Each structure stands twice: as C-alpha cells, then as structure tokens.
Amino acid sequence: MNFRLAHLSDAHIGPIPRPNLAELLGKRVTGYVNWLYKRGDQHDMSVLGKIVADIKAQAPDHVVMTGDIVNIGLPGEIALAKDWLASLGAPGDVSFTPGNHDAYVASVTDLVHEVFARWTTGEGDGAGFPYLRRRGGVALIGLDTGVPTAPFVASGRLGATQLAALADLLERAKAEGLARVVCLHHPPHVGGARRLRGLEDAAEFESVIARHGAELVLHGHNHKPSLHRLSGPGAATPVVGVASASARPGGHYPGAAYNLYQIERKADGVRISLRRRGLNDAGEIVELESVQL
C-alpha cells in the first residue's frame with residue numbers, strides 16, 4: 001500500500017448569490033450580514049483556485065473535502081458548490097463530509113445530502129453517514145457533524161446512531177487489514193474548539209477511538225492547522241486539522257493551505273507522512289511543513 005491522500009476544508013464558496021427576503025428568514029440574516037461585512041473579505045476564490053491547481057499537480061489518489069463548502073445554505077450556493085466539487089475529480093475519487101455551514105438551517109440539510117450524495121456513497125452501503133469507501137488499502141470513513149443551530153452558534157453533533165455505526169465500521173475495516181482514515185468537519189476531541197463551536201459529543205467520539213482505534217482522523221472547522229493525538233487500543237491516533245482552502249493571506253486566520261498524506265504499509269505497520277502546502281507571503285503555493293505522523 002502506497003496511497004496519496006489530499007485533504008482540504010472550509011472552501012466557503014462565494015460570492016453568495018443575492019438572496020430574496022424569504023430566504024433571509026431566521027439565522028440566514030446574521031450569516032448574510034457577516035458575509036457582507038466580514039467573511040466575504042476573508043475568502044478568495046482565486047486563492048482557492050490556486051489550491052485546487054496545486055492539488056491536481058500533486059496527483060493524489062483521492063481527495064477529501066471536510067465541509068463548510070457553502071456559507072448560509074442557499075440553494076444557489078449549493079448548486080455552485082456542486083459544480084466546484086465536481087471540478088476536483090470524479091465522485092469516486094473525491095469524498096465529502098458536511099460542516100455546520102452546510103446545515104445552516106434545517107430546511108437545507110436534506111438538500112445538501114441529496115445534492116452531494118455521489119460524493120458520500122460507500123460500497124454496498126448506499127448514500128448517507130457514516131459511509132465507508134475502500135481505496136487502495138485505505139478505508140475512508142465519512143461522518144456528518146452538521147446540525148442546524150441557533151444564531152452565533154457553530155457547534156456540531158454526531159449522535160448515538162452515527163457513533164455506533166462508526167465503531168462497527170472501524171472494526172470491519174480493521175478485520176480487512178485496511179488503514180482507517182476518519183473524516184469529519186468539527187475537531188472531534190474535547191477542547192478542540194471554542195465554546196459554542198465544538199463537537200457536542202466529542203467525549204463519546206474519543207471513547208470510540210479508545211476502544212477501536214484508527215490510523216488517522218481528519219477535520220476542518222477551525223481554519224488553522226493543528227495536530228492532536230487520541231489514545232487508542234494500540235498506538236495513539238493522530239487528529240489533524242487543516243486551514244481554510246480559500247483564506248486570504250494576512251487575515252485573521254492563516255492563509256489558505258491543504259494537507260497531503262502519504263499512507264504506506266510497512267513491515268512494522270502503517271506509516272503516515274504529512275506535507276502541508278499553502279500560500280507563502282508572495283501568494284505562491286509552496287510546501288510549508290513536513291511531518292512524520
């Protein structure tokens with residue numbers, strides 16, 4: 001096994017199509033104002049284009065996008081985001097997991113699941129979450145943490161059903177000898193995000209990993225690179241966060257970047273190396289960091 005996996009997140013595809021008054025009911029009002037006066041200046045689609053071009057130049061075997069593909073969940077946004085996700089590669093070569101902005105209001109959640117179903121379908125398991133996609137000795141397990149929340153709240157939740165299914169998939173993939181990569185939007189460890197922004201059942205997720213293990217966990221949400229480790233039945237599991245893929249340089253968060261993983265099977269087990277690639281001060285995509293996980 002020698003598998004190259006690219007991970008990007010928090011694209012926040014824009015600009016937001018002009019909404020009508022009916023579409024701005026509820027939480028979308030504050031979200032739209034935030035986009036007009038703050039978020040729209042933080043995310044640059046030309047920067048995102050550079051990131052995507054560099055990903056393609058690195059020729060990964062698979063690409064994972066872990067959510068916040070839209071901003072306030074308008075149907076027009078979702079149509080644009082679908083076209084953009086299709087530009088990353090064929091649905092069999094690209095996997096998607098939703099974030100909190102993809103579940104901005106309750107009425108859009110089913111639409112997101114329907115529109116992005118081709119990127120969330122596992123082998124023999126149909127569309128939905130969690131899904132299991134087997135690729136080149138790797139088990140890609142996708143989870144959905146996006147749930148509608150009140151204004152100014154960006155938390156996520158897995159729920160008992162997903163957590164139980166995750167435990168089953170981890171054991172199934174282990175029995176098949178696959179390297180297990182769990183993908184989700186919110187940081188899944190306790191303290192992984194600020195109050196009202198974290199995963200509500202992070203402790204329960206940690207318990208699943210402690211019992212069943214995983215080789216790697218990938219997330220977005222915080223718009224910055226991070227590395228945490230969770231205890232497992234064997235070696236600790238690295239939990240890696242990635243910057244926003246469309247963040248302008250010099251903003252509140254680090255400039256746009258993505259992570260590139262090399263996953264290899266050796267005599268002594270699975271070895272994973274990480275290369276973080278993103279914007280430098282000159283606006284070019286370069287290698288920013290290299291880490292052996």
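Me: Buried, exposed or partly exposed: which is Arg271?
Reply: This is a predicted model, in which local features need pLDDT of at least 70, side-chain atom pairs count only at pLDDT 80 or more, and totals for chains, interfaces and linings use all residues. Residues are numbered from 1 along each chain as its sequence is written, and side-chain values rest on heavy atoms, with hydrogens and water left out. A residue is buried under 20% relative accessible area, exposed over 50% and partly exposed in between, with a 1.4 Å probe and protein chains only. Arg271 has a relative accessible area of 40%, so the class to note is partly exposed.

Me: With which residue does Arg271 form a salt bridge?
Reply: A salt bridge needs a side-chain nitrogen of Lys or Arg within 4 Å of a carboxyl oxygen of Asp or Glu. For Arg271 the closest N and O atoms are 3.2 Å apart. The partner counts as exposed at 59% relative accessibility. The residue you are looking for is Asp268.

Me: How many salt bridges does the structure hold, and how far apart in the chain are Glu123 and Arg134?
Reply: The structure holds 13 salt bridges. One of them joins Glu123 to Arg134, with the closest N and O atoms 3.8 Å apart. Glu123 lies in the loop between strand 4 (121-122) and strand 5 (126-127), while Arg134 is in strand 6 (residues 131-135); helices (H or I, at least four residues) and strands (E, at least two) are DSSP runs numbered from the N terminus. The pair links distant parts of the chain, and the separation is eleven residues.

Me: What is the relative accessibility of Glu123?
Reply: Its salt-bridge partner Arg134 is partly exposed, with a relative accessible area of 29%. Glu123 counts as partly exposed too, and its value is 30%.

Me: Which residue forms a salt bridge with Glu289?
Reply: The closest N and O atoms of this salt bridge are 3.1 Å apart, and the partner of Glu289 is Arg276. The two residues are 13 residues apart, Glu289 in strand 14 (residues 285-292) and its partner in strand 13 (residues 269-279). Glu289 counts as partly exposed at 34% relative accessibility. The partner is buried, with a relative accessible area of 18%, and to name it once more it is Arg276.

Me: How many of the residues of strand 13 are buried, and how many bridges join strand 13 to strand 14?
Reply: Strand 13 is mostly covered, with eight of its eleven residues buried. Strands pair if DSSP finds at least two bridges between them. Strand 13 and strand 14 run antiparallel, and the number of bridges that join them is seven.

Me: Which residue in the turn between strand 13 and strand 14 has a positive phi?
Reply: Across these two strands, Arg275 stands opposite Ser290 in strand 14. The strands form a hairpin with five residues between them. The phi in question is about 80 degrees, and the residue is Gly283.

Me: Which residue of strand 13 is the bridge partner of Tyr258?
Reply: Strand 12 (residues 257-266) and strand 13 pair in the antiparallel sense over ten bridges. A hairpin of two residues joins them. In strand 13, the partner of Tyr258 is Arg277.

Me: How many residues does the largest nonpolar core have?
Reply: A nonpolar core is a set of buried Ala, Val, Leu, Ile, Met, Phe, Trp, Tyr and Cys residues joined through side-chain atoms within 4.5 Å. In the largest one, Leu8, Ile69, Trp84, Leu85 and Phe116 touch the most other members. Elements that give two or more residues to this core include helix 1 (28-42), helix 3 (75-88) and strand 12. The number of residues in this core is 39.

Me: How many aromatic pairs does a search of the whole structure find, and what is the angle between the planes of Phe96 and Phe116?
Reply: The search finds three aromatic pairs. Rings of Phe, Tyr and Trp (its six-membered ring) pair if their centres lie within 6.5 Å, and planes under 30 degrees apart count as stacked, over 60 as edge-to-face and the rest as tilted. Phe96, which is buried at 0% relative accessible area, and Phe116, buried at 2%, belong with Trp119 to one aromatic cluster. The Phe96 and Phe116 pair is tilted, with 4.8 Å from centre to centre and an angle of 40 degrees.
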